[in-house]
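Here is a short tour of one protein model, for you to follow alongside the coordinates. Please keep the viewer open as you read.

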Amino acid sequence: MATLLPLNPKILASKPSEIYDFVVVGAGIFGSAFATTLAKDGHQVLLVERDFAEPDRIVGELLQPGGCQALKTLGLESCLEDIDGIRVDGYAVFYKNKPVEIPYTLEPETSTKYQGRSFHHGKFVSKLREAARQTKGVTLLEATVDKLLVCPDTDQIMGISCTTKDKTNSKQYHFGKITVVADGCFSKFRKSFTTSTPETMSHFVGFLLEDCPLPFPNHGHVVLAKQGPVLLYQIGTRDTRVLIDVPGKLPSVSDGSLKKYLLEEVAEYLPEQLQACFINAIENQKPRVMPNSMLSPSPIVGSGILVAGDAFNMRHPLTGGGMTVALSDVVRLRQLLSPLSSQELCNQDILSAKVQEFHYLRSSSSTVINILACALYRLFQSENDPSLLQLQEGCFEYFKLGGICIDGPVGFLSGIDGNLFRLIYHFFRVCLYAQFLQIQAAPLLLKPWALLSSMLLILKGAQIILPLVYAEFYFLRPNFQIFSTSRPHVYFLIPLLISLFLIYIVN
Ligand SMILES: Cc1cc2nc3c(=O)[nH]c(=O)nc-3n(C[C@H](O)[C@H](O)[C@H](O)COP(=O)(O)OP(=O)(O)OC[C@H]3O[C@@H](n4cnc5c(N)ncnc54)[C@H](O)[C@@H]3O)c2cc1C
């Protein structure tokens, strides 16, 4: 394959004396945190990044409380300091110009509210890289990884071939017991080891609003506009990020169609106090665009290799969960890999058992973040589907009920509650509530008809969430006896039956 380079005598002749425990491709969120923590535990790590300059991107700017906790567990919480970051206390959702506040819940141990943090992505990544630089056992190399080295006899990945960024632009080969591919959402290497391919769900178009106070300070804002959601959050003392979701084909930037679309289709949905800043940004800034992709986890085929971060698994960024998943994965991998001796790291049976255990363990929390993000996105990007519009309204009204109707969903959003059944339970409660609202609004004589037609909402809900559950668990099926059937509809039926059972018991 084009991304793999079989070892040959020339490469072997260049073999340096050092064989690292881990060679990490990409010093982004995952790679930097992984390198630092594994080195802190005594391993030798080579961290290879194509550009160590501060990144300037519109991704990864709000870290949920679950991600802040993972950072703390890794001893990296200081990376959130001195980056002009903003405390996040929760969210505010705007629907038809009316807001509902969704505060984070209380931390049981301290009885204080969970907190997230928003910031300029580049400042946070630079701090993570600095932590790696200062950790004994991490070697940083500025180079673009071109190929992964593969042993022609065993197919085991042995390390990397790369081109340095310095003046010499020299070709180098580096060897590691485990090569970790963490090269982000546009990963060049994932396709050699995983079966999933990313699906672009929509695009986010980003602008920076200057000196534009938000209606709910220290909150992420989600505005449900006609075409899809718009996100706003403060990322610095004077800076607020706005990300507009554009489904389907992106209108052209060059002929002004995108600008026209944003001014005519989006601006009017924003809270009035933000509209002038928004229009000013559209008129004066070049739009920044990123694809919003979904990539379900899939088994990693190959030995001596680990694929992680966005290269392995992505979800729609609506709920700001990507960094939380990446950092939580570092926490789990550390638990599994750090105790291994140098010899054990070379043992492929031990490694593949650990990787499988990792996939199983991560399903307890990452799955919920992944499913929530994509399910909410499908709900909020309602287009002209009347059932989806009713579900959207039902969701908003559900939040307005407060109590458990806010505390439950915000637990998933914040990355604190990883209970899949609770997520499914709340999801169908939203569908039932939407059904109730529809029946309630119908005139007396039409109520039986409203009851019948509102059944569609439950089916619509199932149609949204069950394929997402299926996609998340499909590849884990060898781990579960319950999935050891060759009839795929069983994977749909089990969660459906359990969730319906739970819903009717509780209601
Ligand atoms: C529009 C958008 C907004 C988002 N907003 C949020 C948010 O608010 N909160 C949140 O938690 N998540 C958010 N995410 C997701 C989040 O950004 C990612 O989940 C996270 O950055 C993944 O980290 P990573 O380490 O896998 O990849 P990255 O952080 O992208 O790191 C990959 C690194 O690999 C390097 N690299 C790539 N190829 C090579 C190569 N060949 N050789 C050497 N180096 C290489 C890159 O330069 C980069 O530094 C958002 C995503 C999108 C698309």
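## A parallel pair in the sheet

F94 has V223 in strand 13 as its bridge partner. This is a predicted model. Strand 6 (residues 90-95) and strand 13 (residues 219-224) run in the parallel sense, and six bridges pair them.

## The sheet as a whole

How are the seven strands of the open sheet ordered? The order is 7-6-13-14-15-12-16, and the pairing is mixed. Strand 7 (98-103) and strand 16 are found at the edges with a single partner strand each, so one side of each has no neighbour in the sheet. From one strand to the next, the twist averages 25°.

## Strand 12 and its two partners

Let us turn to strand 12. Strand 12 (residues 199-210) is joined to strand 16 by seven bridges, and the two run antiparallel. Here E199 lies opposite M294 of strand 16.

Strand 12 also pairs with strand 15 (residues 239-247), again in the antiparallel sense, over nine bridges. In that pairing, F204 stands opposite D245 of strand 15.

## Two packed helices

Now for the helices. Two packed helices are described by the angle between their axes and the distance between the axes. Helix 2 (residues 29-40) packs against helix 4 (residues 121-133) at an angle of about 25°, and their axes are 8 Å apart. Angles under 35 degrees count as roughly parallel, and helix 2 and helix 4 are therefore roughly parallel to each other. Their crossing is left-handed.

Which residues of helix 2 and helix 4 meet? From helix 2 come I29, S32, A33, A35 and T36, and they meet V125, L128, R129, A131 and A132 of helix 4. By class, this contact of helix 2 with helix 4 holds seven nonpolar residues, two polar and one charged.

## Around the ligand

Helix 2 appears again at the ligand, as one of the elements that supply at least two residues each to the surrounding shell. The others are strand 3 (45-49), strand 4 (62-63), strand 9 (138-150), strand 16 (288-294) and helix 7 (322-337). Which element gives the most to this shell? Helix 7 does, with four residues.

There are 37 residues around the ligand, and G26, G28, G184, G309 and G322 come nearest. By class, the shell divides into 18 nonpolar, twelve polar and seven charged residues. Strand 16 is worth a second look in your viewer: this strand stands at an edge of the sheet and also supplies at least two residues of the shell around the ligand.

Conventions:
Residues numbered from 1 in each chain as written. Predicted model: local features only at pLDDT ≥ 70, side-chain atom pairs only at ≥ 80, totals over all residues. Axes fitted to C-alpha atoms, helices over the stretch in contact; angles between N-to-C directions. Parallel < 35°, antiparallel > 145°, perpendicular 65-115°, else oblique. Left-handed = near helix turned anticlockwise from the far one by under 90°. Contact = placed C-beta atoms within 7 Å. Nonpolar A, V, L, I, M, F, W, Y, C, P; charged D, E, K, R; others polar. Near = placed C-beta within 6 Å. Pairing = 2+ DSSP bridges.
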